[in-house]
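Good morning, and thank you for the time. I would like to take you through one structure, beginning with a detail and widening the view from there.

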Amino acid sequence: MAKVVEGLFYSKSHEWVKIEGNKAFVGISDYAQESLGAVVFVDLPSVGDSFSKDEVFGAVESVKAASDLLMPIKGKVTSVNEALLDQPELLNEDPYLNFILEVELEGAPDLSSLMDASTYLKESH
Amino acid sequence: MKKTPLYDLHLIYGAKMIEYANYLMPEQFSSIIKEHQAVRSEAGMFDCSHMGEFVVEGKDALKFLNYALSNQLNDLEIKKERYSLLLDSNGYILDDLMVYRLAENKYLLVVNASNIDKDFKQLNKLKEAFEVNLKNVSEAYGLIALQGPKAKDVLEALILGVGQLPFMSFDEFTYNNEVCLISRSGYTGEDGFEIYGGPQVIKSIYQRLYETSQVTPCGLGSRDTLRFEAGLPLYGHEINGFTTPIESRLDSFCGYDKDFIGKEALLKLKEEGITKRLIGIELLERNIAREGYMIYKDGLNVGYITTGYMIPGTSNVYANAYIDQQVKLGEVVEVQIRNKMVKAKLRNRKFYDKKYVRGEKKNG
């Protein structure tokens, strides 16, 4: 059974977001990495790119297929997890420790349509 | 949804099943990467029982097949097989298939699962002018492909004499007192065998191969990465009802010294010239080009991807693409991947050097 972490917010498309002040970390859930299988490539955006909520910001790819990554929250990319370029399998090993990117929030975060850990656990199983 | 004779064994061996051409087939067992590597370095086995088999028999069998199929079959000897295309009268590809000559006037055709009904209809229509019998025996045959550098030794230990078969040849063998047809052929670029037989013998051989612990069960996932790396086309991707053998570089499988359905259209197309052709590309930046992605040069759309992969176990990313004739080998183009333009270079489609043992060339 896929794991969830308390304190994060989850999207229907299986990304998570962790909010720390006016910054947020974004990654994919354990359920997402399990469904994908071995991740062989992560397509990351560039630092400085801005994305609105639900906009495609990259992809995680298995041998077979590419899955679009949707931004769970509006923001401007301040850093990306470059370790994923050489070791995309880190997302399989621990998708919560290994975030995908960090954004700077613009104003109060819009958490509508996101789920807390227990709701997401129920929805995704 | 149909099941092959090996369905129960797949579940026991841990397959993840998917729907394919109206069959429940294994997509993968351990992982596509491990299965791909097992075939390249040791041996892997695939359930191909979903493929269709037709028997063509009668006085005019050769005449009929030479008319209905693109490749020249006059010099195809008994116990030899040959790759061919089934074209419509416009030269478009209805299917690609393998022709086995069983006897003087008897042939076995092995066709793609998704095209069984379409092919049968076309062949049935064409056979009216010939003294020939056409039978769809797909349900009676199971098929295992055993592929890889160790395939020969593994199979020889179970079925004496298979190692003597030259590439693109076949014979009848017995296993547990049951008859099967085994050919030295495959769809991975490795040495290997294709084993045809009734459900019971196919099950026994599959189970026995598994128990040797020297053969990795493989699914459709690695079957596709392997055929792609070896430069072999797949119907529905590189070829389909909108492509001709000229654009898809399968012209060498058309016998222009005989009459066949589609020949006139192809000769006309050769004279007029084609506008696009199938070619390989190599990505020059880190990303993966997938089927359907568009290709640009100087801002103009010059083509599209038909299959693309990061080759399992490597970081090399290659793709097959249809690209306008004016863009030449070695030139750099851009593939649109989501919102990015990623640079790629045109090259040939031989991403892997085939390890066939000897004999005629199967494919370019």
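**Strands, a helix and a contact**

Let me begin in chain B, where strand 12 (residues 178-183) and strand 13 (residues 192-197) run antiparallel and are joined by 4 bridges. Within this pairing, B:Cys180 stands opposite B:Gly197 of strand 13. Please keep in mind throughout that we are looking at a predicted model.

The two strands belong to something wider. In which order do the 6 strands of this open sheet of chain B follow one another? The order is 11-12-13-10-4-14, and the pairing is mixed. Strand 11 (170-175) and strand 14 of chain B stand at the edges; each has a single partner strand, so one side of each is left without a neighbour in the sheet. On average, neighbouring strands in this sheet are turned by 30 degrees against each other, direction ignored. Helix 2 of chain B packs on the sheet and touches strand 4, strand 10 (142-147) and strand 14. The direction of helix 2 makes about 120 degrees with that of strand 14 of chain B.

I turn next to helix 7 of chain B, which spans residues 220-229. Is this helix mostly covered or mostly uncovered? Helix 7 of chain B is mostly covered, with 10 of its 10 residues buried. Among these buried residues are B:Leu220, B:Gly221, B:Arg223, B:Asp224 and B:Phe228. What covers the buried residues of helix 7 includes several elements of chain B, among them helix 2 (32-41), strand 4 (44-47) and strand 14 (216-218). Strand 2 (16-20), strand 3 (23-28) and strand 17 (300-310) of chain B are also included in that cover. Just after helix 7, B:Gly231 takes a positive phi of about 80 degrees.

Stepping back, chain B as a whole has 8 helices and 20 strands. Its radius of gyration is 21 Å, close to the 21 Å that the globule rule gives for 364 residues, so chain B is as compact as a globular protein of that length. Taken along the principal axes, the box filled by the C-alpha atoms of chain B is roughly 65 × 50 × 40 Å. Of the 364 residues in chain B, 49% are buried. Counting contacts in chain B between residues at least 6 apart in sequence, 67% join residues at least 24 apart.

Now to chain A. An unreviewed UniProt entry annotates residues 23-104 of chain A as "domain: Lipoyl-binding". Over that stretch the chain is 18% helix and 39% strand, and the end C-alpha atoms are 5 Å apart.

How many residues does each chain bring to the contact? Chain A brings 12 residues and chain B brings 13 residues. On the side of chain A that touches chain B, strand 4 (41-43) and strand 6 (56-61) of chain A are the elements that give two or more residues. Strand 6 of chain A gives the most, with 3 residues. By class, this side of chain A has 8 nonpolar, 1 polar and 3 charged residues.

I close with one residue, A:Lys64, which UniProt lists for "modified residue: N6-lipoyllysine" in an unreviewed entry. A:Lys64 is found in the loop between strand 6 and strand 7 (66-70) of chain A. With 19 other C-beta atoms within 10 Å, A:Lys64 is partly exposed. Leaving aside its neighbours within four places in sequence, A:Lys64 is in contact with B:Ile32 and B:Gly221. B:Gly221 brings us back to helix 7 of chain B, where this glycine is buried.

Key: Residues numbered from 1 in each chain as written. Chains lettered and ligands numbered in written order. Predicted model: local features only at pLDDT ≥ 70, side-chain atom pairs only at ≥ 80, totals over all residues. Buried ≥ 20, exposed ≤ 12 C-beta atoms within 10 Å, placed from the backbone. Contact = placed C-beta atoms within 7 Å. Pairing = 2+ DSSP bridges. Axes fitted to C-alpha atoms, helices over the stretch in contact; angles between N-to-C directions. Nonpolar A, V, L, I, M, F, W, Y, C, P; charged D, E, K, R; others polar. Rg over C-alpha atoms; globule rule 2.2 N^0.38 Å. UniProt positions renumbered as here; feature names shortened; annotations may be inferred.
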